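Me: I should like to learn how to read contacts, burial and charge pairs in a protein model. Could we work through one together?

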Amino acid sequence: MTAKSGSGAGEERRSFMDAALDEARAAAARGEAPIGAVVVRDGAVIARAGNRTRETSDPTAHAEILAIRAACATLGSERLVGCDLYVTLEPCAMCAAAISFSRIRRLYYGASDPKGGGVEHGGRFYAQRTCHHAPEVYSGIGETAAAEILRGFFRERR
């Protein structure tokens, strides 16, 4: 699976990524890795989250997982058919699997993650024959802002 460039994304896509960036900033303010995610259905945000792994002592409390859980609760379904996910960083393999299992329609992400990503890097989850559902993937939306939030957060901790 090759991600498509987000350079031609419309204003609506950028505003949803802006909401994910707000979640990333809020995560940073809590001392969490600054990653944010929003789930969108029919042009409206139905769930949003930022990382909470440290706060909850839960290694699965990534922004994507939390946003997916909230969206499933909102819709009363384990499937998010017709929903799109906006996340500030390329999802890891765990999150890529959750995105697949929940049947997210489209994945939009900001910054690539050559070290820990599972979509365009690492295990490339959606390219595996065992992957039952692969969303459409669009990368690079809000990439500069997402990367700067991450760099600034980790620069402060060194």
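Me: Which residues is Asn-51 in contact with, leaving aside its neighbours within four places in sequence?

Reply: Contact means heavy atoms within 4.5 Å. On that basis Asn-51 is in contact with Ala-27, Arg-30, Glu-32, Ala-33, Ile-35, Ala-61, His-62 and Ala-63. This is a predicted model, in which local features need pLDDT of at least 70 and side-chain atom pairs count only at pLDDT 80 or more, while totals for chains, interfaces and linings use all residues. Residues are numbered from 1 along each chain as its sequence is written, and side-chain values use heavy atoms, with hydrogens and water left out.

Me: Where does Asn-51 lie, and does it count as buried or exposed?

Reply: Helices (H or I, at least four residues) and strands (E, at least two) are DSSP runs, numbered from the N terminus. Asn-51 lies in the loop between E3 and helix H2 (53-56). Buried means under 20% relative accessible area, exposed over 50%, and partly exposed in between, with a 1.4 Å probe and protein chains only. Asn-51 counts as buried because its relative accessibility is 5%.

Me: Which backbone atom does the side chain of Asn-51 reach?

Reply: A polar contact is a pair of N or O atoms within 3.5 Å; within protein, one must be able to donate a hydrogen and the other to accept it, and residues adjacent in sequence count only if both atoms are side-chain atoms. The side chain of Asn-51 reaches the backbone nitrogen of Ala-63 at 2.7 Å. A second loop residue offers a parallel reading. His-133 lies in the loop between strand E5 (106-111) and strand E6 (136-139), and a polar atom of the His-133 side chain is 2.7 Å from the backbone oxygen of Ile-104. Not counting residues up to four places away in sequence, His-133 touches Ile-99, Ser-100, Arg-103, Ile-104 and Tyr-126.

Me: How should a helix be read, and which residues of H1 are buried?

Reply: An α-helix has 3.6 residues a turn, so residues three or four places apart point the same way. The expected span of a helix is 1.5 Å times one less than its number of residues. Helix H1 (residues 11-29) has 19 residues and reaches 27 Å from its first C-alpha to its last, close to the expected 27 Å. Its buried residues are Phe-16, Met-17, Ala-19, Ala-20, Leu-21, Glu-23, Ala-24 and Ala-27. These buried residues pack against strand E2 (36-41), strand E3 (44-50), E4, E5 and H5. After H1 comes Gly-31, with a positive phi near 85°.

Me: Glu-23 is listed among the buried residues of H1. With which side chain does Glu-23 meet in a salt bridge?

Reply: A salt bridge is a side-chain nitrogen of Lys or Arg within 4 Å of a carboxyl oxygen of Asp or Glu. Glu-23 meets Arg-48 in such a bridge, at 2.9 Å from N to O. Glu-23 lies in helix H1 and Arg-48 in strand E3, so the pair ties together parts that are 25 residues apart in sequence. Glu-23 is buried at 16% relative accessible area, whereas Arg-48, at 42%, is partly exposed.

Me: How many salt bridges does the count come to, and which residues form a network?

Reply: The count comes to 10 salt bridges. One of them joins Arg-155, found in helix H5 (residues 143-157), to Glu-148 at 3.1 Å, N to O. Arg-155 is partly exposed at 48% relative accessibility, and Glu-148 is partly exposed at 36%. Elsewhere, salt bridges that share partners join Asp-84, Arg-105, Arg-106 and Glu-136 into one network. Within it, the side chains of Arg-106 and Asp-84 meet at 3.4 Å, N to O. That pair links distant parts of the chain, with Arg-106 in strand E5 and Asp-84 in strand E4, 22 residues apart. Asp-84 is buried, with a relative accessible area of 6%.

Me: Which side chain of opposite charge is nearest to Glu-90?

Reply: For charge, Lys and Arg count as positive and Asp and Glu as negative, while His and the chain ends are not counted. The nearest side chain of opposite charge is that of Arg-124, 7.0 Å away, and Glu-90 is buried yet has no salt bridge. Glu-90 has its place in the loop between strand E4 (83-89) and helix H4 (93-101). The Glu-90 side chain does reach the backbone nitrogen of Asp-113, at 2.8 Å.
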